[in-house]
Structure formats: C-alpha cells, structure tokens
Amino acid sequence: MATRTSASLTLFSFKGIPVRVHWSFLLLVVYVLFTGLSAGMAMPLLVQQLLYVCAVFCCVVLHEFGHALTALRYGVKTRSITLLPIGGVASLERIPEEPRQELLVTVAGPLVNLAIAAVVSVPFILLGHTVFVEETIVGGAGVVALARFLIVVNIGLFFFNLVPAFPMDGGRILRSILALRMDRVRATRIAGTVGKVFAGLFVLAAFGRGNPMLALIGVFIFFGATAEMHMVATQRVLRGARARDVMRTRFWSMPHDATVQQAAADLLAVGDHAVVVLRNGLFDRVVDRATIIQAMQQGDPGRHLDTLAATVPDAVPPDAEANSIQEKLARGLWPLMPVIENGRLIGVLEQDNLAEYVELNQAAPERAILHIGSNPPAQQL
Ligand SMILES: [Zn+2]
C-alpha cells in the first residue's frame, strides 16, 4: 500500500531522522531555470542561482532540526524532515500539548536562523563589509556575496516564520501563548482563524506581486489550519475514550478457506471496506474489497481467501486509548485494526467509525460522558 513517504527521496539521516526531498521540489528547480532562462541569464549565472537555492534549503534543514532536536528533549521523536518547494516540514510524532513545551519547540526553528545570521555577521562586519547593499542579493559571485546572502536570507526566514499564520511557527507561538490562558481547542480555533486570514492575504499578495510561491504558501496555510483545527477537536473528543467505546461490533468476517466467489457474493451485500479473515475462529488477516474484485477479474473464483494479498494490522486490546489508535489509523497503513480480548476478536476499528464517534459526541457534548462505554460488546448483541 502506498505510504506518504513514497513521493520523497531520502537524502541522509541525522540522529535517526531521515531528511527527505519531495518530488515537487523539482518544480522549484524548473521554476528557477525557467525564470532565469526567460530573463536571458547565462549558464554560469543559472548554476549559481541553483546553488543559492541549495544554500537556502540547507538553512531550512537546520531550522527544522531546531524544532526536531528541541522536541527530542521532551521525548517527542520526529519521523522525518521533508523539503517542499515552499520550505521544510518536520513531521513530529506529536505536538507537545503542554503550551510551554510547544512554545520552546516552535521558537527553536526561527532561532536557528537568527543564530546563523549572527554567526556569519560577526566576521563579515569585522572585515568591514556592509550587509545591506542596493544591488540584487541573488546572483553575486564569491564568498562575500554568499555571506551577505546567508545573512539576509536567514534574517528573512526568521521574520517570515514569525508571521502568526497558523500552522506556521508564528501561528503556533500564538496558539501556545493563548493556550497558557485558555482551553487548547479554543486557542487553536482562534490561531487557526488568524492563520486563514493570513492565508487569504498571502494569496492576494501573490497576485499583486506576481509571486506564485506566496500563493502556494497561502494555500498550504489554509489547508494546514483547517486540518489542525479538526485534529485538535478530534483529539479532545477522543480523550479518555477506549477502543471498546469506538469499535464497530458488527463487521464482515469469513473463514480462511472461504472462496473468492463466496466473498464476491458477500461483497455486494455488505458495505465494509475489507473482510476480516478468521482461522479457527481467531483473527488471521484483512483482505480489502479491491483485492477480491481483482481475483474475480483474474478468473480465480475458487481461490481461498488466505492465499490473497492481505494486511496483518496490529491487534488492539479493548482498553487501548482511542487517540493513539486514531494516530495509527491516520497513517493509512491498514484499512482497519482488530480489537482482541482474551484471544477473541470482539470488534474492529476504522477511521470512519472514529470520525462518526467524534461527530456524534461533538453534536451533543453533554452526552459525551454517557456515550463512553455504552457501545455493547459483540457477545451481548
Ligand atoms: Zn519552523
């Protein structure tokens, strides 16, 4: 099954954190080459432009490691750092919910840029150079031009990231400061709304200045803000809920020696995304609908289900936390996860189910406490 990492190429790893470059990064290279060529730039100048782009992204990687290594101090691992045309993304396993920790993890990124600017500035100024000159900063040759470029770019990155456009760093800082005084869900809603306003301003500015990167950043912020507002609200509803509260107790299952033909007949009768294959009544594996349809198309109606391509998801005990299950399902590795009690399969967990549980409990928050634990186990049905 495709994972989110398949669209990226791993460059290197540091402290167990792989640094990846997303395929869309090529678009930036093409954009730089295209604008350079259409402005009539000579080849050496074009190569220099690309080297400058590389220098910017080296600073971006260091910025992301600022977040990742600070998070590690609080026991939060980082799955990867990915470079996109609009910048970098550090995929932390979770954002610390403690506002002070989130604040420090967030501030660490921009501070890295400020530190780079300071470190380069000291010898630069001591040697009698001036940082801000009137000529265009990109395209200068030599160490002095590169140093000047690094100082200006890192000061720029520092201030740009502090714009309070959630989920950019500035927006996260705003959220964590708000969360020091109010509920995290409310703090996220406010920061997210401010973020969406900035997203709109970025898109407008992009049209005004003819800068497509700014429009991309605006779109990225808008969808990022929407997704995080949703995620924080979901986490809040699921907090305290257990697997047994959110599991589906009526689900599609078949014995391991059932045939593809039998499964295909069932497939039309049930709406489940996948069939749970049982061996001697115990959970064995999961086969999705597409695999059964494919086997039928290949003229294999007599094949047993346990010979088809399948996934074997992690089993979950009934008292596992719903929030950690949601995180695992959101990674999209499995269509469902089995809930197993004393060796017996008592239910399945799916993203749809969790989403519906959240919707039901958001619609009637005062009923949330009643709802938890009221989902009857299969044997009582
Ligand atoms: Zn950052």
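This briefing describes the domains, one helix and the confidence of a predicted model. Residues are numbered from 1 along each chain as its sequence is written. Because the model is predicted, local features need pLDDT of at least 70, side-chain atom pairs count only at pLDDT 80 or more, and totals for chains, interfaces and linings use all residues.

**Domains**
- The domain assignment, automatic or from a database, gives domain 1 (4-238) and domain 2 (243-380).
- The centres of the two domains, taken over C-alpha atoms, are 39 Å apart.
- Five residues of domain 1 are in contact with seven of domain 2, contact being C-beta atoms, placed from the backbone, within 7 Å.

**Helix α3**
- Helix α3 (a DSSP run of H or I, at least four residues, numbered from the N terminus) covers residues 99-126.
- Its 28 residues reach 40 Å from first C-alpha to last, close to the 40 Å expected at 1.5 Å a residue, where the expectation is 1.5 Å times one less than the number of residues.
- A kink of about 30° lies at glycine 109, shortly before proline 110; the bend is the angle between axes fitted to the seven residues ending there and the seven starting there.
- Buried residues of α3 (20 or more other C-beta atoms within 10 Å of their own, C-beta atoms being placed from the backbone) include Glu102, Gly109, Pro110 and Asn113.
- The buried residues of α3 pack against α2 (43-73), α4 (142-161) and α5 (169-179).
- Just after α3, glycine 128 has a positive phi of about 90°.

**Confidence**
- Mean pLDDT (the predictor's confidence in each residue, from 0 to 100) is 84, and 91% of residues reach 70 or more.
- Over residues 1-5 pLDDT is below 50.
- Residues 365-381 stay under 50, with 21 contacts beyond four places in sequence.

Key:
Two residues are in contact if their C-beta atoms, placed from the backbone, lie within 7 Å. Helices (H or I, at least four residues) and strands (E, at least two) are DSSP runs, numbered from the N terminus. A residue is buried if 20 or more other C-beta atoms lie within 10 Å of its own, exposed if 12 or fewer, and partly exposed in between; C-beta atoms are placed from the backbone.
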